[in-house]
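Visitor: I should like to learn how the features of a protein model are read. May we take them one at a time?

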Amino acid sequence: MPDVHCTVNTCKYWQNSNLCNAQQIVVQSDAAGGFSQNARLEQLNATPASTNDETCCQTFKNSQG
Ligand code: SF4
C-alpha cells in the first residue's frame, strides 16, 4: 500500500509524522475538506476525531477504545 498521510491523531492506526499504518482504508468524499497541494504532509496540524463520522476515513478507530 502506498504511504497514507493522515492528521487524525486519535485513531489507533495513526503514527508519528502523520502516517497511517492500517492494512487498508476506506475513504469517502468530503467537499469541505482539502488543503494546499504544496503543504508539507508530515507537518500538517492534527485533526483529532472521536468517531468515524467525524472523518473522511471510514476505517477510523478511536485509539481510546
Ligand atoms: S483515520 Fe483512517 S487514514 Fe487516518 S490513521 Fe485512521 S485508518 Fe488511517
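Visitor: Which residues does Val4 touch, not counting residues up to four places away in sequence?

Guide: Please note at the outset that this is a predicted model. Leaving out those neighbours, Val4 touches Asn18, Leu19, Cys20 and Ile25. Val4 itself belongs to the segment before E1. Along the sequence, Val4 and Asn18 are 14 residues apart, and their C-alpha atoms are 8.4 Å apart in space.

Visitor: Is Val4 buried or exposed?

Guide: The relative accessible area decides the matter, and a residue under 20% counts as buried. Val4 has 19%, so it is buried.

Visitor: What secondary structure does the protein have?

Guide: The protein has two strands and zero helices. The strands are E1 (14-15) and E2 (19-20), and the loop between them holds Ser17. Asn18 lies in that loop as well.

Visitor: How should I read the phi values of Ser17 and Asn18?

Guide: The general idea is that most residues other than glycine have a negative phi. In this structure, Ser17 is not a glycine, yet its phi is positive, about 65 degrees. Asn18 also has a positive phi, near 60 degrees, and is likewise a residue other than glycine.

Visitor: Are Ser17 and Asn18 buried or partly exposed?

Guide: Ser17 has a relative accessible area of 44%, so it is partly exposed. Asn18, by contrast, has a relative accessible area of 5% and is therefore buried. The side chain of Asn18 also takes part in a polar contact of 3.3 Å with the side chain of Trp14.

Visitor: What is the situation of Thr7, and which residue does its side chain meet in a polar contact?

Guide: Thr7 is found in the segment before E1. With a relative accessible area of 14%, Thr7 is buried. Its side chain makes a polar contact of 2.5 Å with the side chain of Thr47. Beyond four places in sequence, the residues in contact with Thr7 include Trp14, Asn18 and Leu44. Asn45, Ala46, Thr47 and Pro48 are also among them.

Visitor: How many disulfides does the structure contain?

Guide: A disulfide is a covalent bond between the sulfur atoms of two cysteines. A search of the whole structure here finds zero disulfides. Cys56, for example, is in no disulfide, and the nearest cysteine sulfur, that of Cys57, is 8.6 Å away. Two sulfur atoms must lie within 2.5 Å to count as a disulfide, so this pair does not qualify. Cys56 is partly exposed, at 30% relative accessibility.

Visitor: Which residues surround the ligand?

Guide: They are Cys6, Cys11, Tyr13, Trp14, Cys20, Ile25, Cys57, Thr59 and Phe60. In this shell eight residues are nonpolar, one is polar and none is charged. Cys6, one of the residues around the ligand, is partly exposed, with a relative accessible area of 24%.

Visitor: What may be said of the protein as a whole?

Guide: The protein has 65 residues, of which 17% are buried. It exposes about 4,900 Å², and carbon and sulfur atoms supply 44% of that area. Contacts may also be sorted by separation in sequence. Among those between residues at least 6 apart, 56% join residues at least 24 apart.

Note on methods: Residues are numbered from 1 along each chain as its sequence is written. This is a predicted model: local features need pLDDT of at least 70, side-chain atom pairs count only at pLDDT 80 or more; totals for chains, interfaces and linings use all residues. Side-chain values use heavy atoms; hydrogens and water are left out. A residue is near a molecule or strand if one of its heavy atoms lies within 4 Å of it. Ala, Val, Leu, Ile, Met, Phe, Trp, Tyr, Cys and Pro count as nonpolar, Asp, Glu, Lys and Arg as charged, and the others, Gly among them, as polar. Buried means under 20% relative accessible area, exposed over 50%, partly exposed in between (1.4 Å probe, protein chains only). Helices (H or I, at least four residues) and strands (E, at least two) are DSSP runs, numbered from the N terminus. A polar contact is a pair of N or O atoms within 3.5 Å; within protein, one must be able to donate a hydrogen and the other to accept it, and residues adjacent in sequence count only if both atoms are side-chain atoms. Contact means heavy atoms within 4.5 Å. Accessible areas come from the Shrake-Rupley method with a 1.4 Å probe; for residues, only the protein chains shown count as cover.
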